[in-house]
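Biologist: Let us go through this model together. I will ask, and you show the reasoning.

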Amino acid sequence: MPSPPGAKSTKCNGRPIPQFEDVTSKAGIRFTHTSDPSKKYIVESMSGGVILIDYDRDGWPDIYFTNAPTVDKALKGETSLGALYHNNHDGTFTDVTAKSRLDSPCFAMGGAVGDYDNDGWPDLYLTCFGGNVLYHNDGNGTFTDVTKKAGVRDGRWSTGASFGDYDGDGNVDLMVVNYVDLRLNDLPPFGKLPNCKYRGIDVQCGPRGLRGAGDSLFHNNGDGTFTDVSKAAGVDDVPGYFGMGVVWVDFNNSGRPDIYVTNDSSPKYLYKNEGNGKFKEIGLESGTAVNEDGSEQASMGIAVGDYNHTGRPSLYITNFEDEDDLLYRNDGDWNFTDVSYKSGVALPSLRSVKWGDAFADFDNDGWLDIFAVGGHVYPQVDGLPSGGGYRQPKLFYLNQKDGSFCDAADKAGPALAEKRVSRGVAVGDLFNDGNLDIVVEDLDGSPTILRNKGVPGNHWVSFELAGTKSNRLALNAKVKITAGGVTQTDEIHSGGSYLSQNDLRVHFGLGTATKIDSVEVRWPSGKVDTVKDIQADHYYAILEGKGIVSGLSRSH
């Protein structure tokens, strides 16, 4: 396809490139997602979320991999458990799934983290085909399935989920998006219907030709239960689009988190929080529903970040093959501009089917970079003479500090070039060395732990936040720092990427700066805390109303 005027794709030459090493085996990760190589049904192609959750509150991110049985196994009543790996602080992880009691049967897609009862322990919500699961963190290394009591099962085919306190009562609410209205015992047969073809070959059916499933907003009642307020709030997805991803984001610095939803083969939603328990859908008006040509796309992953230092969160959205990934620049006042081609991220993405993604400062230069993974939905595409193939490489762009990105995928180590069938992506400093690492879950094969070796000479700082009047995990708190003459902002998010969850700690690269002049935290409660003159290359804990504390007591 012809490229739009102004399209660019620049290789990263003459600058240090962080190197990523595949340390999966060295780390002791033995998990493999259940797989049917033929992928005859769409539900078998959509799983694979990965969740970083410091479940034991020891300051080291642990990893949960979601899993799902094949359709044949599910029809026989067989299940496939996900896996929880404990971080041993020495570069290795231990499978603690059995001990953790994360064992409720679930045809899992992905999930999100949120402390729904504000007890100081992060809880885990899993989205599933046929009924979701909420696990309460018991604080002793085990979890309890509280789905029935909480009332958040949903029961449809759920994909993305995100916790956020939309009404400011200090309790996190839960937004869940659903994909297609399907029944396990009534699946459309492989290749038999008109919509079950791709470039002339037989493939799995959907989502086009099938019905959407609607979405859910669960309001937290503050007593361990939730109430479905989707319709009253105006976020129930009346058109029935194919929901994939969701995240709460305060787009206009109003102090109220809004909702952004990616939909497959249909327009995306931006729900503006009106502050009265209701939302107004402004996707088309804001410029975030379709691309700059007005075309809807098959959108999957969501990354949120202030990549150009304006103090406003922008969006990076992953899309299907022959559809460029989207960079929506936030221009303020609910206006976004599609700068995908102008910024250099569009052209390299066209050959892949893209899923999980992240904005993160991988080289610690003070500017957010972009990472995304690929992998087709149809194994049968390997029989086609052209296209990106079933297994696909990863995408990696470095921020050039002028609104554009250069393509560093072929210079950041052989692990990024390895072709795989990837889905979920989560980012966090797994080894607490100041460099952001990446966890990728694949559908066919093992996951990948990509250890970031960083760039020598660059500094960093990281913060763990805890609310007192605000929700305990400080979801949607905003952090602004000034260091070396540069101001950066970030916000804490539940969910996002593709069915995945990043580490909840807020990380900033500092370049050559060795001191942070000021740190400002705007809490969801409206309170503002300010800290001055702290040293780089440290982790800090900030408690609402107290500033930096030596450790975050679980009793607050």
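**Disulfides, a hairpin and a buried serine**

Biologist: Does C106 count as buried or exposed?

Modeller: This is a predicted model. Buried means under 20% relative accessible area. C106 has 12% relative accessibility, so C106 counts as buried.

Biologist: Which residue forms a disulfide with C106?

Modeller: The cut-off for a disulfide is sulfur atoms within 2.5 Å. The sulfur atom of C106 lies 1.6 Å from that of its partner. That partner is itself buried, at 0% relative accessibility. It is C128.

Biologist: What is the handedness of the disulfide of C106 and C128?

Modeller: The sign of the S-S torsion decides it. For C106 and C128 the torsion is about -90°, so the disulfide is left-handed.

Biologist: How many residues apart in sequence are the parts that C12 and C406 tie together?

Modeller: A disulfide joins C12 to C406, with S to S at 2.0 Å. C12 lies in the loop between strand 1 (10-11) and strand 2 (20-22), and C406 in strand 28 (residues 405-407), so the parts tied together are 394 residues apart in sequence.

Biologist: What pattern do the disulfides of the chain follow?

Modeller: The count comes to 3 disulfides. Besides C12 to C406 and C106 to C128, a disulfide joins C196 to C205. With bonded cysteines counted along the chain, the pattern is 1-6, 2-3, 4-5.

Biologist: Which residues of strand 24 point to one face and are buried?

Modeller: In a regular strand the side chains alternate between the two faces of the sheet. Strand 24 (residues 335-338) shows this alternation. N335 and T337 point to one side and are not buried. The buried residues on the other face are F336 and D338.

Biologist: Which residue in the turn between strand 23 and strand 24 has a positive phi?

Modeller: Strand 23 (residues 326-332) pairs with strand 24 in the antiparallel sense over 4 bridges. R329 has T337 as its bridge partner. The two strands form a hairpin with 2 residues between them, and the turn residue with a phi of about 55° is D333.

Biologist: Which backbone nitrogens does the side chain of S500 reach?

Modeller: S500 sits in the loop between strand 34 (486-491) and strand 35 (506-511). At 1% relative accessibility, S500 counts as buried. Its contacts beyond four places in sequence include G49, G111 and G424. A polar atom of the S500 side chain lies 3.1 Å from the backbone nitrogen of V50, and at 3.4 Å the side chain reaches that of V425.

Methods. Residues are numbered from 1 along each chain as its sequence is written. This is a predicted model: local features need pLDDT of at least 70, side-chain atom pairs count only at pLDDT 80 or more; totals for chains, interfaces and linings use all residues. Side-chain values use heavy atoms; hydrogens and water are left out. Buried means under 20% relative accessible area, exposed over 50%, partly exposed in between (1.4 Å probe, protein chains only). A polar contact is a pair of N or O atoms within 3.5 Å; within protein, one must be able to donate a hydrogen and the other to accept it, and residues adjacent in sequence count only if both atoms are side-chain atoms. Contact means heavy atoms within 4.5 Å. Two strands pair if DSSP finds at least two bridges between them.
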